[in-house]
Amino acid sequence: NIKHQEEIGQYLLSAPESSVSEVVHVAGARPAAPTDIIAQTGGRPTDQLGAAAWMIDMANYVNSVTGHSNIVIQFGYGVPTSTIKPGSMAIVVYQESTAAHDEAAAALRMDEGYLRRMASVNDYFDMSSFFNILMRKLV
């Protein structure tokens, strides 16, 4: 059916909409183009409102310490037995290089405010669902 093919074609040409995750918060300016490194860290909340507040606070703090833009997302989908479980939340940090990632990680590991915030993560998340994913753009 040609009409059906035209409808599918229009759908494929339209801007993508994320149905996998929803952006909950943005800290800093999102990059206009893909960056070399994207770090994603998160888990499944045990307290939805507390976890959202914790994530937003942490995203803003990470941005203030490192200068790296990041977003907080919540996944609408997932697999209960997989790395990313349904309803999981994550902070996605954009970095320009592996060196920038390593520098930011070292700065955060020694930052008192970051460590204090991390000490309360068990209050909001099921740590058995914790994930930390580092993705690098391949050229």
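What pattern does the chain follow when read along the sequence? In this predicted model, the order of elements is α-β-β-α-β-β-α-α-β, made up of four helices and five strands. The chain has 139 residues, of which 36% are buried. Its accessible surface comes to about 8800 Å², and carbon and sulfur atoms account for 57% of that area. Of the contacts between residues at least 6 apart in sequence, 78% join residues at least 24 apart.

The five strands form an open sheet with antiparallel pairing, in the order E1-E3-E4-E2-E5. Strand E1 (21-27) and strand E5 (125-136) stand at the edges; each has a single partner strand, so one side of each is left without a neighbour in the sheet. On average, and with direction ignored, neighbouring strands are turned by 20° against each other. Helix H3 (residues 98-109) packs on this sheet and touches strand E2 (37-45), strand E4 (89-95) and E5. The direction of H3 makes about 45° with that of E2.

Strands of a sheet pair through backbone hydrogen bonds, in either a parallel or an antiparallel arrangement. Here, E1 is joined to strand E3 (residues 70-75) by six bridges, and the two run antiparallel. Within this pair, valine 23 has isoleucine 73 of E3 as its bridge partner. E3 in turn pairs with E4 over five bridges, again in the antiparallel sense, and valine 72 has isoleucine 91 of E4 as its bridge partner. On the other side of the pairing order, seven bridges join E2 to E4, and these strands also run antiparallel. Glycine 42 stands opposite alanine 90 in E4.

Strand E4 is largely enclosed by the rest of the structure, because seven of its seven residues are buried. In a regular strand the side chains alternate between the two faces of the sheet. In E4, Met89, Ile91, Val93 and Gln95 point one way, whereas Ala90, Val92 and Tyr94 point the other way; all of them are buried.

In soluble globular proteins, nonpolar side chains tend to be buried together. The largest nonpolar core of the model has 17 residues, and those with the most contacts inside it are Met55, Met89, Ile91 and Phe125. Helix H2 (48-66) and E4 are the elements that give two or more residues to this core. The largest share, eight residues, comes from H2. A second, separate core has seven residues, including Phe75, Ala90, Val92 and Phe131. Residues of E4 that point one way, among them Met89 and Ile91, thus belong to the core of 17 residues, while Ala90 and Val92, which point the other way, belong to the second core.

Histidine 25 lies in strand E1. Its C-alpha atom is separated by 5.0 Å from that of valine 72, although the two residues are 47 apart along the chain. With neighbours within four places in sequence left aside, histidine 25 is in contact with Ile56, Ala59, Asn60, Asn70, Ile71 and Val72. The side chains of histidine 25 and asparagine 60 are joined by a polar contact of 2.8 Å.

Conventions:
Residues numbered from 1 in each chain as written. Predicted model: local features only at pLDDT ≥ 70, side-chain atom pairs only at ≥ 80, totals over all residues. Heavy atoms only, no water. Buried < 20%, exposed > 50% of the residue type's maximum accessible area, 1.4 Å probe, protein only. Contact = heavy atoms within 4.5 Å. Areas by Shrake-Rupley, 256 points an atom, 1.4 Å probe, with all protein chains shown as cover. Pairing = 2+ DSSP bridges. Axes fitted to C-alpha atoms, helices over the stretch in contact; angles between N-to-C directions. Core = buried A, V, L, I, M, F, W, Y, C linked by side-chain atoms within 4.5 Å. Polar contact = N/O pair within 3.5 Å; in protein donor to acceptor, adjacent residues only side chain to side chain.
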